[in-house]
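Please look at the structure shown below. The paragraphs after it lead through one part of it.

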Amino acid sequence: MSPVELQRGQEVARTIRRLAHEIVESNGGAEDLVLVGLLTRGAPLAGRLASAIEAFEGECPPVGRLDVGLYRDDVAHRDPPAPVRPSDIPLGVDGATVVLVDDVLYTGRTIRAAMDAIMDFGRPARVRLAVMVDRGHRELPIRPDFVGRNIPTAPSQTVEVRLAETDGEDAIYLMEGADSHGEH
Amino acid sequence: MVSIEPAAPTATEPEEQQGPAVTEDPAVWARKDLLDTDTLSAEEIDLVLETADAMAEVRERPVGRVATLRGTTVVTLFYENSTRTRASFEIAAKAMGADVINLAASGSSVGKGESLVDTVRTIEAVGADVVVMRHPNSGAAALAARHTSASVVNGGDGSHAHPTQALLDLYTMRRHVGEIEGRKVVIVGDILHSRVARSNLWALQAAGAQVTLCGPATLLPQSLRSLPGYEGPGGCEVTTDLEGALTGADVVMALRIQRERQDQGLLPSLREYIRQYQITEERLARANAGALVMHPGPMNEGVEIAPEVAHGLRSVVEEQVTNGVAVRMAILYLMATARRR
Amino acid sequence: MRALLIRGGRLIDPASGRDEQGDVLIENGRVSAVGGNLSGDGAEVVDAAGCIVTPGFIDLHAHLREPGFEQKGTLATETEAALRGGFTTACAMPNTDPAPDSAPAVEGFLKLVAQKARVRVLPVGSTTVGRRGERLAALSELAEAGCVALSDDGSPVPGGNLMRNALTLAGALGLAVAEHCDEPSLSGKGSMHEGAVSERLGLEGQPAAAETVAIARNIELCELTGGRFHIMHVTTARGVEQVAHAKERGLPVTCEVTPSHLFLTDEAVAGSDLTPAYDTSAKVNPPLRTETDRLALLAGVNSGVIDAIATDHAPHAPEEKLREFDHAPFGISCAETALATVTTLVSRGELELGATLRALTQGPAETFALDGHVPGIGTLAVGAPGDVTVFNPEERWTVDPAAFASKGKNTPLAGLELQGRVRAVVVGGELRHVLEAAHV
C-alpha cells in the first residue's frame with residue numbers, strides 16, 4: 001500500500017506554530033523554558049518550535065538534543081542497532097521547564113528513556129512532552145502535554161513526520177509498516 | 001500518490017518511530033572479539049570513534065555514567081602488570097553500569113600453572129560476558145577467543161597488538177587534526193617489539209594516513225614496508241632517519257624504550273638512543289606547526305622523549321588517557337550490545 | 001609365512017631405474033620375483049591396479065617418543081602411524097628418556113621395538129652423553145648395538161671441537177653424524193621464521209642465518225675430518241646451496257628435507273580459512289620458511305642435492321599444543337600425511353615423481369648406509385627385504401587428525417584435501433596395512 005499523506009506544507013507549519021503557542025501559554029511565557037529534541041527526528045522539530053516561539057515572543061528558548069540510546073530497554077532487540085550519538089544539553093536545566101520534543105509518540109519507551117537521561121544533566125523543575133503525532137498504542141503510563149495531531153493507527157502501520165530541514169519537505173505520512181520495515 | 005524514499009531502519013519491537021532521512025546505513029558492530037585493528041574496516045573504525053564521541057559526552061555530564069551495561073559482567077584478565085590500561089577498562093565498564101571483576105595472573109590459579117584456555121573457560125563458566133585480556137605472548141588473545149563464547153577484548157598481547165590503544169590514539173588525533181586521511185604520522189622508537197606501533201599502523205592505514213616508522217635499525221621491522229596491503233593510500237615508510245621522518249609531520253608518537261633492549265644488545269646504550277632518537281624541541285621544529293606529540297605511556301621522560309616535550313604545548317599525552325576511557329566505553333558498549341542481539 | 005603377490009601396479013624402483021607395469025612376488029619375507037604376469041600359486045594377492053608399487057619408504061627422522069614421553073606417543077602408535085604413511089622403516093631419533101647414549105640403553109630400546117613396533121625401527125644413537133653436548137657418548141658401543149647414525153637431535157652439538165671429534169670418531173666407525181644445524185645465539189627464543197610474517201604477528205623469529213651459519217661450520221669440520229655429515233631437515237635456500245657446493249667438492253655431506261617444509265611456508269603460522277591464527281600446529285623447528293626457500297627445497301629434491309625426504313614426525317599431546325604460540329612445543333605430526341603432501345606437490349608439477357620416490361627409498365638408504373644393517377633395503381631387487389608400499393597417486397582425501405593412528409593430532413593440514421594415498425604396506429613380507437578395497 002502506498003503512503004497516505006496526512007498533512008503537508010503550510011498545514012505542518014501551522015501545527016508547529018500552534019504547538020509553540022500552547023507551550024508558551026502553559027509555561028506563562030518563554031522564561032526558563034528549555035526545548036530538548038530527541039534524536040534523530042525530535043531535534044529539528046525542537047529547533048522549529050524555538051524559532052516559532054522567537055517569532056512571537058521575541059525570545060528564543062535554548063534548544064538541546066538528547067540521544068537516549070544508552071537508556072533504552074530494547075538494546076538487545078534493535079536490529080540493526082541505532083548508533084549512539086552525543087547529546088547536547090544547554091547548561092542550566094536545573095530549575096528549568098524542560099520540554100521533551102519528539103516527532104511521533106507510540107509505545108512511550110523512548111520517552112521513559114529520555115526522562116532518565118535528562119535527569120543525568122540536572123534537576124529540572126518540570127518536564128513536559130511535546131509531540132507532533134500521537135499514534136496511540138502506549139505500553140507505559142506516559143501522556144503527552146502538547147500534541148500536534150492524534151492519528152489512530154494500527155500497530156502494523158508507520159507514521160512519518162518529514163521536515164524541510166532534514167527531508168526537503170514538511171509532511172506527515174501514514175504508511176503500511178511492511179513497506180517501511182523492509183530491507184533495512 | 002506520493003512516492004517516498006525508503007524508510008530508515010526500524011526496530012523489530014514497537015518503539016518511537018524514527019524518520020526515513022538517514023542518508024547511509026549505519027555501520028553495525030558484528031564482531032564477537034576485538035583482537036587487533038588489522039581487519040577493521042574504515043566504517044567500523046568510524047563507528048567506534050563516533051560512539052566514543054557519545055561516550056565522551058556522557059563522561060562530561062554531572063553524573064558521568066549510565067546504566068546501559070547493567071547485567072553485563074566484564075572480567076579483566078591481566079597476565080602483565082598494567083595499572084593504567086586495567087584501570088581505564090574498569091572505569092569504562094563501570095561508567096556504563098557493568099559489573100567488573102579484576103583478575104591478575106599472580107592472584108588466580110594462573111599462578112599455579114593453569115593453562116590460558118582452562119582459565120578463560122572457567123571465567124566463561126562463572127558468567128563473564130566480556131574478557132579484557134593483557135598477556136605477554138603474541139597471539140594469546142586469539143587463542144583465548146577461540147576457546148570461549150565470551151567476547152574477548154585484546155588489551156595488549158606480546159609484541160602483536162593493542163587495538164584499544166590504537167583506536168584511542170586515532171580518536172585523539174581526529175579531535176585535534178580532523179580528517180586523518182593524508183596526514184603524516186611518525187612513530188618513533190622500538191617498532192619491532194611494539195604492539196602499539198603495529199595496531200596504530202593498521203588503523204592509520206585504514207584511515208588513509210601516511211605512516212612513517214622510525215627508529216634504530218635493530219628495532220625496525222624491515223619487512224613492514226613491503227607487506228601486502230601497504231601499497232594503499234599513504235603507504236608505510238620505514239626509516240632510521242629521524243630528522244627526515246619528522247619533516248612535515250602532523251603527529252609524532254614516541255614509544256616507550258624498554259631497558260632490556262640494551263641488555264639484549266639491540267641498543268649499544270640508552271645514551272646512544274637518546275642521542276639519536278629522543279624527541280626534543282629542537283628536532284620537533286621540523287614537524288608541521290601544531291603537530292601533536294603523543295605517547296602511549298608510561299613515559300620514560302628523558303629517554304624517548306624530552307621532559308619539556310612530554311609536557312609541552314603540543315603534548316596530548318594526558319588527553320590520550322582521558323580519551324582512552326571514552327573509546328573503551330564505546331568498544332565495550334558495541335561488543336556487549338552485539339552479544340545481546 | 002604365506003607368499004604375497006602384489007599384482008598389476010606400476011612398479012617404480014629408483015635404485016634399479018625400473019618403471020613399468022608389473023607384479024612383485026614376496027616369499028619368505030623377501031622379494032623373490034619382479035616382473036610381468038607373475039604367478040603366485042597359493043599366494044595372497046594384493047590388487048595394485050591404478051597404484052604405484054615402490055620399495056617401502058624409509059624415514060630417517062622420526063620421533064617415536066618411547067621411552068619417556070608416552071603421553072605424546074608410543075612405539076605402538078607412532079610406528080602404526082608410520083606404517084599407514086607408507087614407511088616400512090623408521091630411524092628413531094634419540095630424544096627419548098633415557099637417551100640412547102650407551103649399549104644398554106639401545107638394547108633396552110630395541111627390546112621395546114621387538115615387542116611393539118609395526119615397522120622396522122633403526123635406532124639413532126645420541127652423539128653426546130644425555131644429549132647434553134658436553135662429552136661424546138660411547139660411540140663404538142652404540143655402533144655395535146645397532147645404531148645406524150648419531151645425532152643429538154634438537155640439541156645441536158655446541159662446540160666446534162666436540163663436533164670435530166664426533167665426526168672423526170663416527171667416521172672411523174662408518175656412522176654419519178646427523179645434526180640439527182642451528183646456531184642458538186642467532187635463533188634465540190625465536191618460535192618461527194624471522195621475516196615478514198613474524199614481524200606482522202609480533203613473534204620472535206629465527207633468522208635463516210641461524211641455520212646456514214651452523215651448516216657452514218659443520219661442512220668445514222666435515223672437510224677437516226672426512227667424517228660423514230648429515231644435515232637434518234634443511235629449510236633454507238642458502239642451505240641447499242651450501243650442500244650443493246659441498247657435494248661438488250666431493251665432501252661426504254648429505255641432507256634431508258621434511259614434507260612440511262616442502263609444502264608449507266611461514267604463512268601457515270598466520271592461519272588460513274581452515275586453520276587459526278598463531279597456529280601452534282605449524283610451529284616446528286627449524287621453522288617453516290619463505291616461498292623462496294620452499295621453491296629451493298623443491299628444486300633440491302628434484303636435482304638430487306637433497307638426499308632424502310624425512311618426516312621429522314613429532315607427535316605432541318593435544319594440551320601441549322593448546323598453548324600460547326611461544327609456549328607450545330615445536331613439531332608436526334606428519335607421518336600419515338607425508339606421502340600425500342609430496343604426491344600433491346607432484347600433481348602440481350612442483351616435484352618430480354622419480355626424484356620424490358628416490359628420496360623416500362634409495363636416497364635415505366644410502367644416506368645412513370642402511371644396506372649394511374638390512375641388506376637390500378630401499379630397493380625392489382630380488383632378495384631385498386619384502387618391504388613394499390602401494391599407493392594410489394590420484395586418490396584425493398581430506399586430512400582428519402582425529403583419524404590419525406598417531407597420538408599426535410598436531411597437523412597444520414587438518415581439513416585440507418590432498419592427492420595421493422597409501423593403499424597397502426608390506427613389511428618383511430607381511431601385509432601389515434591395507435586400506436579398504438585394495439585387498440582382493
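How many bridges join β5(B) to strand β6 of chain B? Five bridges join β5(B) to β6 (residues 210–214), and the two strands run parallel. Helices (H or I, at least four residues) and strands (E, at least two) are DSSP runs, numbered from the N terminus, and two strands pair if DSSP finds at least two bridges between them. This is a predicted model, in which local features need pLDDT of at least 70, side-chain atom pairs count only at pLDDT 80 or more, and totals for chains, interfaces and linings use all residues. Residues are numbered from 1 along each chain as its sequence is written, while chains are lettered from A and ligands numbered from 1 in the order in which they are written.

Within the β5–β6 pairing, K184(B) has Q210(B) as its bridge partner, and V186(B) has T212(B). With β8 (residues 251–254) of chain B, β5(B) forms four bridges, also in the parallel sense; here V185(B) stands opposite V251(B).

These strands belong to an open sheet of five, ordered β7-β6-β5-β8-β9 (chain B), with parallel pairing. β7 (236–239) and β9 (292–294) of chain B are at the edges with a single partner strand each, so one side of each has no neighbour in the sheet.

Strand β5 (residues 184–188) of chain B is largely enclosed by the rest of the structure, because five of its five residues are buried (20 or more other C-beta atoms, placed from the backbone, within 10 Å of the residue's own; exposed means 12 or fewer, partly exposed in between). K184(B), V186(B) and V188(B) point one way from the strand, and V185(B) and I187(B) the other way.
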